[in-house]
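Please walk through this structure step by step, beginning with its backbone and ending with its interior. The explanation below is meant for someone seeing it for the first time.

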Amino acid sequence: VGGLAAPPGAELRLTFATVGDDGLPRLEQRRLPARPARAAEGHPSSSPSASGAPASPAVDLPPSSPGDPWTWRGTLHLPASADRVAVLVEEPRSGAWGGALAGVVDLASSAASAGWDAAAGVLPGPGAVHLLRPEGAMLAGRVRFETVVAPDVARVELRLDGRRAAVVAAAPFAAVLDLGRLPLPRRVEAIAFDAAGGELGRDETTVNGGSGRLRVRLVEPAGGRAIGLVTVAAEVEVPEGRRLDRVELYWRDRRVATLFQPPFRHRLMVPPEAPQGLLRAVARTLDGGEAEDAVLLNGAGPAERVDVALTELYVVAAGADGRPVRGLAREDFVVREDGRAQEIATFGDASELALTLGLALDSSASMFVKLPEVREAALAVLDDLVPGRDQAFLVDFDDRARLAAGPTRDLGRLRAAARALEPDGRTSLWEAVVFSLVQLQGAAGRRALLLYSDGADEDGDLGFDTALDFARRVGVPVYAIVANAEAARLGGLDLGILPSLGGRIERIAEATGGRAWVVRRGDDLAPYYAEIREELAAQYRLGYYPPAGEDGSWRRVEVEVRRPGVRARTVAGYRR
């Protein structure tokens, strides 16, 4: 619960509630003198009962200075099945109260077996440095990062994707970092040091990570070694519309703590005689989703995150008529990276995996008449999403791209947001592509972007080259429908030096394994969206372990189908 303080002369009452195998609550109560006192052992209470156990005798605590916080420690009778405890603090005279929900900790595997003093188990305070995340959904170029530090911090080192980017030795401990031309996911870390050069703590954040993915990351212990009593801390990001249930911490595949609310911190005993092991944090949501982070502690080198370098491709096999071909086997596919054949390690029907679908709709002024019909045709794609598994989000764009509805499984909420769109402004087509892909680049599982626009791009900030480069890097299939009379008349042909609008849309779709249609205004859109729905339901998933190579290098990917007249579509490549 943390430190408690109360006015002298008032009695406090603690109530502890747990739930047993029979589903009935067990209550235990303790009466405490309100005058703050030093930590002391509580007297054992009487046996609990489902009706609310009688209060135990008041605990005698040595006196201390008024206003000082106090710590109470005692014994609770927990059912074997209990995994959480609710703690309620009340002052009966005034009616003031407060509470918290705590997880049950497995002390045997944490620290008790090593003779850990229970007083050391009080949760540590905030870290020495907190890194503030800059505002903005698409961060690129030179961006200022600020920190909040403890009084004894003498300097702060900022790292970008693990490499030192700046060292600041004076308040306000802020620096400008160059994130590059594209809004790609970048990991920024702040490390605080004291005047003697000792590390006091660290914090980190990820920018441009998108908004559709549940994330958990172990931020402590930091550094290569962690022996003895160490603080384990995890940070969790929960997408809009989802609720976090709990965070579980595992040491050597044994659960040592279950935490239900921030701060997600725990004290763990890493035995000096056998300090090497895998530390894991698993975040679980109420809808069954989960995310994991793992760190190998006390290995031969620095602490390293455990990642599996499996490259997964989502592939559509199309026949001569352009329709998806189903029922193919692993042996029907050949995967090449930079021209060299790769062994297919995993293969399956991708339609069984969760899908995150982005809908990007043009809401510029020229859509005034057409928007209702376009909107309903696009929303029909949602009918094929699997309830409780798949999710979608909505981006609308005119002068700027905006997230009209974040990733959600509540499709009714998404439809309501789409029907609230109001046409206005110009058309920022390429910004809409980049903005939508930023939301998708952090999503797990299958991903796809469906985009509709009725006009040529009028962007002032982001151009086609940037959108194409970014789309290739993210690797999400883009399905685009552009209703433009001139583009439809040219049929996607490029005239002169510059590519036509249709040609540019085609290049983005081809680079990502998607498709593009250039139509006339007033054309029936239902057949095009039906083709998109059919393709999303017919994807194959191919996985392989790529050969070692230089980080940051571009890897060209090709997939071939060993069937006459069948052609595979997937991403053109990826950057390692």
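A residue counts as exposed when its relative accessible area is over 50%, as buried when that value is under 20%, and as partly exposed in between. The model shown here is predicted, and these cut-offs help in reading one of its loops, the one between β16 (244-251) and β17 (254-259), where Arg-252 has its place and where Asp-253 also lies. Asp-253 has a relative accessible area of 59% and is therefore exposed, whereas Arg-252, at 37% relative accessibility, counts as partly exposed.

The backbone of this loop deserves attention too. Most residues other than glycine have a negative phi, and most peptide bonds are trans. Arg-252, although not a glycine, has a positive phi of about 55°, and Asp-253, not a glycine either, has a positive phi of about 65°.

Two peptide bonds can be taken up next. Ala-171 and Pro-172 are joined by a cis peptide bond with an omega of about 10°, and Pro-172 is placed in the loop between β10 (163-168) and β11 (175-178). Another cis peptide bond, with omega about 5°, joins Glu-220 and Pro-221, the latter being found in the loop that runs between β14 (215-220) and β15 (228-237).

From the loops we turn to a sheet. Four strands form an open, antiparallel sheet in the order β24-β23-β33-β35. Because β24 (340-342) and β35 (573-575) each have a single partner strand, they stand at the edges, and one side of each is left without a neighbour in the sheet. From one strand to the next, the twist averages 30°. The pairing of β33 (residues 554-561) with β35 is antiparallel and extends over 3 bridges, and Arg-555 has Tyr-574 in β35 as its bridge partner.

What remains is the interior. The largest nonpolar core has 35 residues, and those with the most contacts inside it are Leu-357, Leu-382, Leu-394, Tyr-452, Leu-525 and Tyr-529. Both helices and strands contribute to this core: among the elements that each supply at least two residues are β26 (355-362), α2 (371-379), β29 (446-453) and α8 (526-536). The largest share, 5 residues, comes from α2. Leaving aside neighbours within four places in sequence, Tyr-529 is in contact with Ala-377, Ala-378, Val-381, Leu-450, Tyr-452 and Ile-481. A second core, separate from this one, has 34 residues, including Leu-437, Val-438, Phe-470 and Ala-516.

Technical notes. Residues are numbered from 1 along each chain as its sequence is written. This is a predicted model: local features need pLDDT of at least 70, side-chain atom pairs count only at pLDDT 80 or more; totals for chains, interfaces and linings use all residues. Side-chain values use heavy atoms; hydrogens and water are left out. A nonpolar core is a set of buried Ala, Val, Leu, Ile, Met, Phe, Trp, Tyr and Cys residues joined through side-chain atoms within 4.5 Å. Buried means under 20% relative accessible area, exposed over 50%, partly exposed in between (1.4 Å probe, protein chains only). Contact means heavy atoms within 4.5 Å. Two strands pair if DSSP finds at least two bridges between them. Axes are lines fitted to C-alpha atoms, for helices over the stretch in contact, and angles run from 0 to 180 degrees between N-to-C directions.
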